[in-house]
Amino acid sequence: MEQLLFFIFLLGISAGSAEDLSGKIFTFPTTSSSAFVKLKPNMEGDIQNVTVCLRYATDLSRGNSLFSLATPTQFNAFLIFNLKPGIVRLHVGPTAYADIWVPQAKEVLPLWTHICATWESSTGLGQLWINGVGTVRRGISKGFKLNEKINILLGQDQDYFGGGFASDQSFVGQISDVHMWNYVLSPCDIVGVYNSFNFTPGNVLNWKEMQYELHGYVILESESKMHCQSGYA
Ligand SMILES: *[C@@H]1O[C@H](CO)[C@@H](O)[C@H](O)[C@H]1NC(C)=O
C-alpha cells in the first residue's frame, strides 16, 4: 500500500510539473531529424477556433516547421511552416493549406519575428499576424474541427503522429513565447501579445505555465544571457 501511494505521488509530480518559461528561449542549434520540444496542451478535443502565437529567430532559407500540431489521422492538422523567405504555409485539417505572403525581415538585427496564426472553423478563415500586423485572410478547411488527441511539437514537422521527421524541414534557431488559445483573438489582443503587454495567456498552451519535454539537441536558455545588460555600455 505504501509503495502504491509513493508511486501515485511520483505520477502526480511528473504529471503536474508546469514551468514558467518567461524570459526563456528554446535554441535549436543544428539541422537534425531528432531535436524537438513536445508541448503538452491543457485541453484537447473539439477545438473549433485557434490562435497560436510565438516569437522566433532563424536564418534558414530552406523550408522549416515553426509549429506542428498533429492528430492520429491528420499530421498537418494545424501546421505553421516557413516555406521560404516571404511565404508562410498555414495548414489546417486533412490536406488544405494557404501560402500567405509575409513581409521579409529587413536586413538589420534583431532577427526576431513575432507571428500569430488564427483560424475559425465556421468561416474557414485563416490569417497570420506578423509583428502585430495582419496579412490577408484566406479560406482553409471550412467546417473542420480538431476533435482528436493532439500532439504539438516545435523543431520538427510531423509526417505521422509524433514522428516522421525530415531534417530538411527541421527548425534551426530560437523560439520563445509560445501560446495557443481555443478562440480567435481580436486584433487588439494580438497587438497586446506582440507587445507582451496586458494579455490573457493561452488557455491551451501557456508559456508561463508550460509542460514540455526536450528531445535531442535543444537548449533551454535565459534570454538575458544574450544581451548586454547595463553597466558595460
Ligand atoms: C468558434 O467561433 C465561432 C465564431 O466566433 C463561435 O460561434 C463558436 O461558438 C466558436 N466555437 C467554439 C467551440 O468555441
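**Around the ligand and along two loops**

The ligand in this model is surrounded by Gln48, Asn49 and Glu120. Keep in mind as you look around that the model is predicted. Two of these neighbours make polar contacts through their side chains. In Asn49, a side-chain N or O atom sits 2.5 Å from an oxygen atom of the ligand. In Gln48, the partner on the ligand is a nitrogen atom, and the distance to an N or O atom of the side chain is 3.3 Å. How much of the ligand does the protein bury? On its own the ligand exposes 360 Å², and 42% of that is buried by the protein.

Now let's turn to the backbone, starting with Asp46. This residue lies in the loop that links β2 (36–39) to β3 (49–57). Asp46 is not a glycine, yet its phi is positive, at about 55°. Is Asp46 buried or exposed? Neither label applies: its relative accessibility is 48%, and because exposed means over 50%, Asp46 counts as partly exposed.

A second residue to visit is Ser196, which you will find in the loop between α2 (187–194) and β13 (212–215). Here too the residue is not a glycine, and phi is positive at about 55°. For Ser196 the relative accessibility is 54%, so this serine counts as exposed.

Key: Residues numbered from 1 in each chain as written. Predicted model: local features only at pLDDT ≥ 70, side-chain atom pairs only at ≥ 80, totals over all residues. Heavy atoms only, no water. Near = heavy atom within 4 Å. Polar contact = N/O pair within 3.5 Å; in protein donor to acceptor, adjacent residues only side chain to side chain. Areas by Shrake-Rupley, 256 points an atom, 1.4 Å probe, with all protein chains shown as cover. Helix = DSSP H or I, 4+ residues; strand = E, 2+ residues; numbered from the N terminus. Buried < 20%, exposed > 50% of the residue type's maximum accessible area, 1.4 Å probe, protein only.
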